[in-house]
Amino acid sequence: MNCPKCGANIKFYNLKPNCYNCGVNIMYYTQEADLVKDAKKAELEFASARIVGAKLKAAFIGGKLQIARLVNIVLIICLLLPPFAAFHLNSLGHELTFNIGGLGAYNMFSDGLLLKLPAFIGSTLYGKQTIEIIALLALFVVIVLLGVAVFGCLLLSFLNIKKSAKAISVLSFIAAGLSIVFIIASIVINAVTSGALADFSIGAGCFLSVVIFGAMGILNTIISKKDIEIKYRVNDPERKEILKKLKKGEITLDDLTLPVFETEEEKEARLKALEEALKEEEEGAKYE
């Protein structure tokens, strides 16, 4: 390490706070300059954080459409509660009641219903119906995965509001279309399956899925075509660009002024605060 004032080489075993050559306090000699550098860096980093905050605000609560989209994503999550369809199979030695939905899928694992499906697949009475259950369950899982993808795109929407809205609208319309396929398949299965030993019913979940995913698709289609204004603080985009150059090593903190950017209002407020501080200091000196 070298002395910040005279450049003398300070050995690692020299623990004295002062330079042996010029006597300057090594720790405090550059304190003021370091504080100035820290203030410059803080100004740039806070600007970068404010830009992220402005993007988050515009993406999630920047308007009625964005707020409606948030409400809609909650409804998509709630689609795991109502059943899409329900089966009840009953024969000698075998009985199975199963709801196709979020709670039904949970019960399938917690109650061991998954282990009963192979026995029903091999059944001469219910082999076909069991395959139908599995097919509808697979279709439900695909719809749920699309809902997860929609949720993920929404969380990342602040990165690019328009592109994310386009992706969400496509995924939502696909999910709504598959929900319609689920309804049609359920109607067909209900017509050929229900009887004394087997009962099938269509739940409200698949109908709600069409409405909710359809609404999500429409909302995001409108958002993708709308010019959404992101309200940045004055000079924040310029500060972010300077921070990028600083990280790349194209400039140094010594090349920047303090403050790096300042509006007339901010300058006026800073000078006023400085003037008041000087007055307080002068008044304090009088009393001393």
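This is a short tour of the structure, stop by stop, with something to select at each one.

**Whole chain**

Start with the full view. The model is predicted. Colour by secondary structure and look for ten helices and three strands. Read along the sequence, they follow the pattern α-α-α-β-β-α-α-α-α-β-α-α-α. The chain has 288 residues, and buried residues make up 33% of them.

**Largest pocket**

Select Lys 57, Ala 58, Gly 62, Glu 229 and Lys 231. Of the 13 residues that line the largest pocket, these are the closest to its centre. The space inside is about 250 Å³. Now show helix α2, residues 31-60. This helix gives the largest share of the lining, three residues. What classes of residue make up the lining of this pocket? Five are nonpolar, three are polar and five are charged.

**Second largest pocket**

Move on to Ile 76, Ile 77, Leu 80, Val 144 and Gly 147. They lie nearest the centre of the second largest pocket, which is lined by 13 residues. About 170 Å³ of space lies here. Show α3 (64-78) and α6 (127-155), since each supplies at least two residues of the lining. Which helix gives the most? The answer is α6, with six residues. By class, this lining has twelve nonpolar residues, one polar residue and no charged residues.

**A nonpolar patch**

Keep Ile 77 selected and switch to a surface view. Add Phe 151, Leu 155, Leu 156 and Leu 159. With Ile 77, these residues make a nonpolar surface patch of about 480 Å². Pick out Phe 151, which sits in helix α6. Is Phe 151 buried or partly exposed? Phe 151 counts as partly exposed because its relative accessibility is 35%, between the 20% and 50% cut-offs.

**Gly 101**

Go to the loop between β2 (94-100) and α4 (102-110), where Gly 101 lies. Gly 101 has a relative accessible area of 3%, so this residue is buried. Select Pro 83 as well. Gly 101 and Pro 83 are 18 residues apart in sequence, yet 4.6 Å apart in space, C-alpha to C-alpha.

**Two backbone details**

Select Asn 235, in the loop between α8 (205-225) and α9. Asn 235 is not a glycine, but its phi is positive, about 75°. Next, find Pro 259 in the loop between α9 (236-248) and α10 (264-287). The peptide bond from Leu 258 to Pro 259 is cis, with omega near -5°.

**Salt bridges**

The structure holds nine salt bridges. Show the side chains of Arg 233 and Glu 266, which meet in one of them at 3.1 Å, N to O. This pair links distant parts of the chain, 33 residues apart: Arg 233 is in the loop between α8 and α9, and Glu 266 is in helix α10. Arg 233 is partly exposed at 44% relative accessible area, and so is Glu 266 at 25%.

Now select Arg 239 and Asp 236. Their side chains form a salt bridge of 2.9 Å, N to O. How far apart are they in helix α9? They are three residues apart, so about one helical turn separates them. Both are buried. Add Glu 43 and Arg 50 to see a network of salt bridges linking these two residues with Asp 236 and Arg 239.

Finish in helix α10 with Lys 279 and Glu 275, four residues apart, about one turn of the helix. They form a salt bridge, and the closest N and O atoms are 3.7 Å apart. Lys 279 is partly exposed at 48% relative accessibility, and Glu 275 is partly exposed at 45%.

Note on methods:
Residues are numbered from 1 along each chain as its sequence is written. This is a predicted model: local features need pLDDT of at least 70, side-chain atom pairs count only at pLDDT 80 or more; totals for chains, interfaces and linings use all residues. Side-chain values use heavy atoms; hydrogens and water are left out. On a 1 Å grid over the protein atoms alone, a cavity is a set of points where a 1.4 Å probe fits but cannot get out, and a pocket is an open set with protein on both sides within 12 Å along at least five of seven lines; lining residues have an atom within 4 Å of a point. Grid points are joined across faces, edges and corners, and a volume is the space filled by probe spheres set on the points. Ala, Val, Leu, Ile, Met, Phe, Trp, Tyr, Cys and Pro count as nonpolar, Asp, Glu, Lys and Arg as charged, and the others, Gly among them, as polar. Patches are made of residues with over 30% relative accessible area and no salt bridge: like charges are joined within 9 Å, nonpolar side chains (Val, Leu, Ile, Met, Phe, Trp, Tyr) within 5 Å. Accessible areas come from the Shrake-Rupley method with a 1.4 Å probe; for residues, only the protein chains shown count as cover. A salt bridge is a side-chain nitrogen of Lys or Arg within 4 Å of a carboxyl oxygen of Asp or Glu. Buried means under 20% relative accessible area, exposed over 50%, partly exposed in between (1.4 Å probe, protein chains only).
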